[in-house]
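Please walk me through this structure. Start with a detail, then widen the view.

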Amino acid sequence: MAHALRRCICGPVVACGSATNHLLFAGHGLRYRNRKLEVILTTTIDKLGKAGETVKVAPGHFRNHLMPKMLAVPDIPKFAFLIREQRKLYKREEEEPVKEVPKEKEDTSQESKMKEYEMAAKRLNNAQLSLRRHIKVDSELREPVTKKELVAEVARQLCVNIHPDNIHLPSPLSSLGEYEVVLRLPREIPRPEGLLQWTLNVKVRRK
């Protein structure tokens, strides 16, 4: 009887008919490789899943890699709600990606605009703006010609829109005669060979 009892105690524990206890044998090197955690991905990860999906991963992988980098969160109601709301916010951006203008088209558009500016500058430089004014005494004008009036007349007579800052006029034109008004145009506009600066010829006549 005692011999049989010793065999029962010294023999394998499993043979005694009791189930294996996970906690009692945790320190004996037993590992449960099939145990997985369900987590929600916060971003798309290659070979694992897309953002917002619930996937199963090893506890160590989640604890050491996914959780510290906020690549995934535990699959519990609180986090699931936050992920759904976040996906709603970014859904429109994902469905409507920003379209980038190809560099070639951008360069072509810039070159086209520069040609238009060059043509307008040449038109101003070669044309003569004609104005008529009443005079007071001799050739003195009753109302001097200002920058604002020159801009308006350039648009009306030459069909070119310019800004008052494009005109260098230290003081209004106050008498009859011909004037060569200096134009301040962007340096990027190429000037014809031999031309030092863009100018606008203005002739003020008696009305």
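Why are Lys122 and Glu118 separated by about one helical turn? Because they are 4 residues apart in helix H4. This is a predicted model, and the answer concerns a pair that the model brings together. The side chains of Lys122 and Glu118 meet in a salt bridge, with N and O 3.5 Å apart. How accessible are the two partners? Lys122 has a relative accessible area of 36%, so it is partly exposed. Glu118 has 22% relative accessibility, so it too counts as partly exposed. The cut-off for buried is under 20%.

Stay in helix H4, which covers residues 103–126. A second salt bridge is found here, between Lys115 and Glu111. Their closest N and O atoms are 4.0 Å apart. The spacing is again 4 residues, about one turn of the helix. Glu111 is partly exposed, because its relative accessibility is 48%. Exposed would require over 50%.

Now move to helix H5, residues 147–158. Arg156 and Glu153 form a salt bridge there, at 2.8 Å from N to O. These two residues are 3 apart in H5, about one turn of the helix. Which partner is buried, and which is exposed? Arg156 counts as exposed, because its relative accessibility is 58%. Glu153 counts as buried, because its value is 19%. The whole structure holds 6 salt bridges, and the three pairs described here are among them.

What does Glu153 touch, beyond its neighbours within four places in sequence? Its contacts are Leu129, Leu131 and Leu158. Leu129 and Leu131 fall within the span of strand S4, residues 128–133. Glu153 itself sits in H5. The helix as a whole lies across S4, S6 and S9. Its direction is at about 120° to S4.

That leads to the sheet. It is open and has 4 strands, in the order S4-S9-S8-S6, with mixed pairing. Which strands form the edges? They are S4 (128–133) and S6 (167–168), each of which pairs on one side only.

Take the pairing of S8 with S9 next. Strand S8 runs over residues 177–183 and strand S9 over residues 199–206. The two are antiparallel, and 6 bridges join them. Gly177 has Val204 of S9 as its bridge partner. Glu178 stands opposite Lys203 in S9.

On to S6 and S8. These strands also run antiparallel, with 2 bridges between them. His168 is one residue to look for: its bridge partner in S8 is Val182.

Go back along the chain to an annotated stretch. A UniProt record, from an unreviewed entry, places the feature "domain: Ribosomal protein L9" at residues 38–74. In the model, this stretch is 22% helix and 30% strand. Its end C-alpha atoms are 7 Å apart.

Just after this stretch comes Ile76. Where does Ile76 lie? It is in the loop between strand S3 (72–74) and helix H3 (77–95). Ile76 counts as partly exposed, because its relative accessibility is 35%. Ile76 and Ile40 are 36 residues apart in sequence. In space, their C-alpha atoms are 8.8 Å apart.

Now take the whole chain. It has 5 helices and 9 strands. Along the sequence, they follow the pattern α-β-β-α-β-α-α-β-β-α-β-β-β-β. Of the 207 residues, 21% are buried. Among contacts with a separation of 6 or more, 52% are between residues 24 or more positions apart.

Last, the confidence. The mean pLDDT of the chain is 76. A value of 70 or more is reached by 70% of the residues. Where does pLDDT stay under 50? It does so over residues 1–32. For this segment, the model has 5 contacts beyond four places in sequence.

Note on methods. Residues are numbered from 1 along each chain as its sequence is written. This is a predicted model: local features need pLDDT of at least 70, side-chain atom pairs count only at pLDDT 80 or more; totals for chains, interfaces and linings use all residues. Side-chain values use heavy atoms; hydrogens and water are left out. Buried means under 20% relative accessible area, exposed over 50%, partly exposed in between (1.4 Å probe, protein chains only). Two strands pair if DSSP finds at least two bridges between them. Contact means heavy atoms within 4.5 Å. Axes are lines fitted to C-alpha atoms, for helices over the stretch in contact, and angles run from 0 to 180 degrees between N-to-C directions. UniProt positions are given in the numbering used here, feature names are shortened, and annotations may be inferred rather than shown by experiment. pLDDT is the predictor's confidence in each residue, from 0 to 100.
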